[in-house]
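Here's a quick tour of a protein structure, starting with one whole chain and then zooming in. Keep the picture open while you read.

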Amino acid sequence: AHLDLKKIELYEMGWNLKDGLRECLVAAAPYGGPIALLKGHYRRSPSARPQLEIYSSSGLPLASFPWKSGVVKQLGWTVSDDLLCVQEDGTVLVYDLWGGFKRHFSMGNEVSQSQVLETKIFHSPYGTGVAILTGALRFTLATNIDDIKLRRLPEVPGLQEAPSCWAVLTQDRQSKVLVANGSQLFILDNTACTPVTPPGLSPQASSIVHMCVSFSYKYLALLTDSGHVWMGTSNLKEKLSEVDTKIKTPPKQMAWCRRPKSQQPSAVVMWDGLLIVVGECKETIQYHLDDDSVLVPELDGVRIISGTHHELLQEVPGACEEIFKIASMAPGALLLEAHKEYEKESQKADEYLREIKEQSLLSEAVRQCVEAAGHEHEPETQKTLLRAASFGKCFLSNFPPEQFVSMCRDLRVLNAVRDYTVGIPLTHTQFKQMTVQVLIDRLVYRKLYPLAIEVCRYLKTPEYQGVSRVLKHWACYKVQQKEESDEVIAKAVSVKLADAAGISYSEIATKAYESGRTELAIKLLEFEPRSGEQVPLLLKMKKSPLALSKAIESGDTDLVYTVVMYLKNELNRGDFFMMLRNQPVALSLYKQFCKHQEQDTLKDLFNQDDDHEELGNFYVKASYKDQRLEARVALLQSAVDEYYKAKNDFSAKTTEDEMRLLRFQRKLEEEKGEQLVGFSLHDTMTTLLSVGLHKHAEQLYKDFRVPDKRFWWLKLKALAEKEDWEELEKFGKTKKSPVGYLPFVEVCIKHHNKYEAKKYVSKVTPEQKVKAHLAVGDMEGAAEAAIERRNESEISTVLSRCSATTDHLLMERLNRAKATAVKK
Amino acid sequence: MSTIQTEAAVYSAVQSVVGSLHMAHTEWKDAPGLPDFSLLKRLARDQLIFLLEQLPGKKDLFIDADLMSPLDRIANVTILKQHEVDKLYKVELKPIVSSSDQLCFLIRPRIQTVKWISDLVNADKVAGRFRRYKIIFTPQKFYACETVLEEQGVYGDVTTDEWNFYILPLDDDILSLELPEFFRDNFLEGDQRWVTTAGSALRLLQSVYGSFSKVYGIGRCAKMVYESWRELMEDGEQRTRQPEFAKVFLVDRDVDFVTPLCSQVVYEGLVDDLFRIKCGSVEFGPDVTSSDKSIKVMLNSQDKVFSEIRNEHFSNVFGFLSQKAKNLQTAYDKRRGMDIQQMKAFVADELKGLKQEHRLLSLHIGASESMMKKKTKQDFQELLKTEHSLLEGFEIRECITYIEEHINRQVSMIDSLRLLCLLSITENGLLSKDYRSLKAQYLQSYGIEHLLTFANLRQLGLLEEQQAGETLTVMESKVGKLVNDKTVGKLTDAFSSLAKKSNFRALSKRLALVPKSGEEYDLRVPRDMAYVFSGAYIPLSCKLIEQVLERDGWTGMEEVTRMLNGQEFAVTGGSSSSEARSKTDAQRIVLVMFLGGCTFSEISALRFLGKERGCRFIVVTTAITNSSRLLEALLDNSA
C-alpha cells in the first residue's frame, strides 16, 4: 500500500493580514464555509479590544467589528453557517455570517461558576453541539444548540488537572467524550465513565498528547509522547496502523485526511512549520509550512489555511490515479490518450480505442473519465476528461447518459461557486453529500441571489424549492433595507415575485414587521392571495378588525376561531361583543362555541343584541334541561317575558300554556299518583283518558282550547283501547262527531269488534260510505253505496276487493254500473 | 410535525399505488368504467395504522359512536388488535372503566367529546393516576378543540393527531364523507368549519384520480368548497395525470329541500326510509328474516340481487323477485339428469354462487314483503297522494286538513313535520292563520320544546309564515295563466328580490319538474327521472345537473338561478386539452358532490340519467340523508 496525496491551491487569500494568523483565534466552517478570526485575542491588554472578522473561504471580507463582550475561549460554526462564540463564563453568542447578533444562550450555572477551561464545537446528525470542560474538570454537553438540553457527564476518576487531550465522539446515536489522562483513556457517556484501551498501542508511550476523530466519527487517531500515531476505529476495537513520526514535541493540530471508502487510513499532524501525513505504511510524507496555518478537516481531505494561501490536501482519488499514473494502462488512461490522438488527427487514436474495445472496457473507460473529471479542480482538466468521455461514448450503444450529463451540470455549478468572488471551495464529493438544496441555502445566506437563481434554473430545481424560495429570501432581505421607502420596496417586491409559484407574501411581510415596518407589512399582505395566510401576522400587528375580516374572507372556520379566541382574551368584553356584532359569521361561530362551553356568555350575547326571541328560546331550552319544577316554571316565565318583548305573542301564549300545563300536571301527580310532568298536552290527555280520569281530561280540553277533532280522536281511541263499547256509543251520541263516524268504524275494527263497528256505518257521510262498508267487510253494502254514488274509482275499489268465486253476481252489477259511470 | 409526516406518508403511498390504478377496469361495454375507489380505503387504513403505531404498546381505544361503522369498513377489529389495541370502547360521554395505561381516542373534532376527555384526564390527575392519552381527530382537528384542551388545563397531557380519513367509498359510485352534522352545522348554525374538509376531500380525489376539466356548482357552500379546494391545489404540487373524471358538479342541499322531504319509493330509498341503511349496510329485523334473529346485510353492487332492484320503483320489485326466484329454481333443477362429472363441476362452480344468491333473494323478498305490508296500506297511499298534491299545487285545502288530522292523531312526529315543510316550501310559506293553528296543534301533540324546532325550520326557510305582502305569489300564478312566460319570469324576479323564498312553483314550471297530471306513467319503463317519485316529480337537484351538463354551463338558466338565489359558477380546469381526450372514458364520468347530504332517490335518478346519456355519475356526499335524518338534525329537544 502506498499513500498518494495531492495538494492543490484553492485560493490566494484576498485578505491582508499583517501578522498572518499569529495571535488569532481562528475557526473555519467545513464544506468550504466562512472563516472567522478574532484578532489580537492573545494580547490580553485591557485597553485594546480584539477585532472579530469574518471572511469567505477566499478571504473576502464579510464582516468586521470590535469585540465588546467577555473573554472568548472558542469560535466555531454551526451546520447552518452561524458563528458561535463561547465565552469564559459559559455564555454562547450566536452571530450570523454578516456579523449580526442573533441570540445567546448559556451552558448552565455550573459552567458559569467554575468557568470554561476548554471547548469543542462538533457536528452530528442532530445538529451543532457544544462540549465544555470546566475549571472543575467536569464536562458539560449540549448536542443540539437549537434545542438545548444540557448534560453533565460523570466525573473522570483520578483527574487532577486538565486532561492531556479529549475529543467528542458520536456513537450509537449518542454524543460521548473521549478523554486521555496521561496514558489512560476513558469514554464518558450520559451515565458512566468507562476506561478503555486502544488495541496494540505501542508500550513506549506514557501519555497520549493529542487525538482526533475523523469527519464521520468512524476513526480515531492518537498521538503519544513517544511520537507514535496510533490509528484505528473510534470504537477502539480495531487498530489500523501505527506510525512513528520521530517528533516528540506536542503538535499544534491533528486531523484525518481520508476520503470516504478509501482503503487507507491517513492523518495529518501539524507542528510549527511542518506538516506530516501518516498512513498505513511506515513512511511518512512531509510538507514544509512557511507560515502559521490551521487545518480544516473535511469529508474527503483537509484544508490548510495560512495567512496568504488556502490549500486542499487530499488523497488522490482512485479514478484520477488510474488515469494520470505514469504509463498507466487503465482503460480511462487509454481513452484519454485515444482522444488526444484523435484531436491531433492521428490514427493512433484508433489503435488505443481498439485496445480498450478488445478488452470490452470502453464503458468502464468512459465511467473513469467522468468520475475523474468530477475530482479535478482545474476546468481545463475537467474539460479534457469530459471530452474524452464524450468521445468514448460515441463508440458505445446503449450507454446511459445520466452520469455524464449530471456530472457536466454539477461541475458547472461547482466551478461557479468555487470562483474567487463567491469563495465556496466545494469538492464534488462534498457537494453530493451536501445536496443542491443546502448549497442554494448557503448562496442565499450569502445574499448571492442572482447566482442562486441561476443555479436553480440551470439544475431545473422545481420552482417551489428553487427559484421561488430564493426570491422569497431576497424579498425578506429587501424589506429590511431601511433607506428605501415603503412604496418603492413593495413595488419592487411585487414586480419580481409576481409570477413565481408558491410565494408566501405573509412570510415576507412578517420580516418587514419584525424590522419595524408595519405599514410596509400591511402593503405586502395585500399581495397575499390566500387571505388565511394574512391573519396570524395581522393579529401580531394588532390589526384585529382587519384580521377578523380576512379570516372570514378565507372561509376557513378554524382560522376565524383562532382570531375570535385571540380577541376574546385581548379585548374587554364590551369591545369584543361589539366587534362580533359587526361580523355575523364570527358571531355565529362564537355562539356555537358558547353553546358547549359557556352558556352564560351566550345569554349575554343575546342580551347585548336585544335579541329577545333568541333569549326566549334560550330559556325554553334551559327549562327542559332542569329537573325541578319550580326552576322550570321560573325559566319559562323568563321566556314569556322575552317573547313579549320580542312581540311574539304566539310563543309567549304557548309558553304560558305550558306553565299552566306543568302546574296542572304536578297537581294531578300529587293527587292521583300518575306520572305526568313533562308530557305534551296530547300525551297528558291520553294518559288521563286511559286511566279513566275523563273529567280531568275534559278540563284540559276546555282550558287549553284543544280542537274538537283532537279531543274526539283521543277519546275514541282511549275508549276503544279499553273496549268500553257502551261508553263509546254514548260518546258518539253526545253531539255530531267533528271527525265523522268513519273513525268509529275503524277503531272498532282495529279492536276486532265487527259488531260494534256496524253500528256506526249508517252514520258515515256518503263520501266515506264505501270505505266504511269495506272496513266491516260488507261487500254488498259497499257495492250498493258505490253504485248509488256512480263513482268510477269507488266502484273499481270495490271490484278489486271482490273475489271471483263468491261475489260473482255483485261483480256483474258493479261492472255494469262502472260502464255507465264511465260513459257519463 | 407529525401531520406533515403522515401526509407525506399518505402521498407517497398514493404515488406507489397510482401506478396500478388503471389495471382494475379493463372491461368496457357501453358504460365507462369507474375508478377503483378501494384505494381510498387502503390509504386510510395505512395512515390509521401509522398513527396507532405512534403510541407503541397496548392501549385501549375509544371510538366515537358514529365512527364505529365507517371504521369497520376501513380496519376491522382484527387489524386493530394486531396493532396493540387491547379493548375497544364506544365513546358515551360517561366515566370510563379502563385499566389500561394508554388511552387512545378516535373521535370527530367535537367540543363536547374533547371536553369529556379533558374531564377524564383531570379525574385521573386527582386520583393520582398516570396514563398516556392520545386523541386522533378525524378527518382533521379544529382550533376550537385545542382551545378546550387548553382551557381545561390538559393541553400538555394529551397528544393529538389527525387521521385524514376524508372519504369512505360506500359503493362503486357512492363516496361519503360520513359527516351527517355537516348539514346542521353549515346550514343552520352558520358554522363553516366543514368547508375545508369538503375541499380536502376533493383534493384527495384529485391527487389520486387526476384533475378535472370542468367544475360547476350552485350554492354558497359549494362556492366556498370550490375556493378552498382551489387554494389547496395551489398549495400542493400539481400532478399532471390523465384525469379519471371529466366534470364535477357541486350542489348545496339547501338549493333543493323538496326532494329529500318526499317519501322515497325506489327500493333502495325505501329500504333506507324503513330500515335505515347505515354506512352501506342494513339490519333486517325478524319480520324480514322470518326467524327470531336480525341479520346485517351489506347493500351494494356486490349483492347481485340487490344491484338489480335497487333503482326500481318498489311496485315492480316484488314481481321481479319472484321471477328471479323461478330462475333460481331452474338453475337448481339443472342438477337433475347430470352425470357425476357434471355434478362435480356444478358443485364446484355454481352451487356456492346459487346458494349465496338464494340467501340474498330470500332476504330481499322478506324485505319487500314487509314493505308491501306497510306501504300499500291505505294511509301510505293517502300520504303519497297528499305529497303529490302538494308538489302539483292542487287541492291545497284538503292537504292542510289531512296534515291537521295527521298531527292531531299523533301519527308520526317526523312525518307531520315533513308534510308541514313540504307544504310551506311548495306554497312559499303558510298563511298566517294556517301557520299558527298548525303550529299550535303540533305543540299540543309533541310538546312545547318544539318551539325551538320551529325556530330552526324558519331559519332554514323550511317552514315559514307568509308575510302580508307575499300573497303576491298566488297572484303571480294567476297572472301566469293570463300573460306569457317571459312576463311571469320578470314578475318572479321582482318577487324573489323581496325575500328569500323557495319559488318552488315557478321553478317547477320553468324546469318542468312536475309532469302534467292525468297522463299515465308506466313505472316499469321509466321515461324520465320522475319515476323515482312514481312519476309525480323530477328531483330538482338532478334536473339542475342534467340541464347544466347539457348546456355545458349556466347560460340560458339565468332566471332559474336567480330564483335559487344565485351563487352559481362554472369553471374550466387549467390543464385539460379537451379535444384530445374527449373520447376517453374519463370524459364521460361526472362527479356530483352534495353538500349537506343526498338521498338514495337522487342517486337512483342520476343512475337513470347516466344510462340515458351514456355517462356515469359518481356521487360524493357529506352523508346519505332522507327526510327523517334531515328533520331530526333540526330538532332541538335533546342536547
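Of the 639 residues in chain B, 57% are buried (under 20% relative accessible area, with exposed meaning over 50% and partly exposed in between, using a 1.4 Å probe and protein chains only). This is a predicted model, where local features need pLDDT of at least 70 and side-chain atom pairs count only at pLDDT 80 or more, while totals for chains, interfaces and linings use all residues. Residues are numbered from 1 along each chain as its sequence is written, chains are lettered from A and ligands numbered from 1 in the order in which they are written, and side-chain values use heavy atoms, leaving out hydrogens and water.

Here's chain B in brief:

| Feature of chain B | Value |
|---|---|
| Helices | 28 helices |
| Strands | 14 strands |
| Exposed area | about 27,000 Å² |
| Share of that area from carbon and sulfur atoms | 51% |

Helices (H or I, at least four residues) and strands (E, at least two) are DSSP runs, numbered from the N terminus. The areas come from the Shrake-Rupley method with a 1.4 Å probe.

Now zoom in on helix H8 of chain B, residues 195-209. Its 15 residues should span 21 Å at 1.5 Å a residue, and its end C-alpha atoms are indeed 21 Å apart (the expected span is 1.5 Å times one less than the number of residues). All the way along, 15 of the 15 residues of H8(B) are buried, so the helix is largely enclosed by the rest of the structure. Right after H8(B) comes B:Gly210, with a positive phi near 95°.

Over in chain A, A:Leu539 sits in helix H14 (residues 531-540). A:Leu539 counts as buried because its relative accessibility is 8%. Beyond its neighbours within four places in sequence, A:Leu539 is in contact (heavy atoms within 4.5 Å) with A:Ala547, A:Val563 and A:Tyr566.
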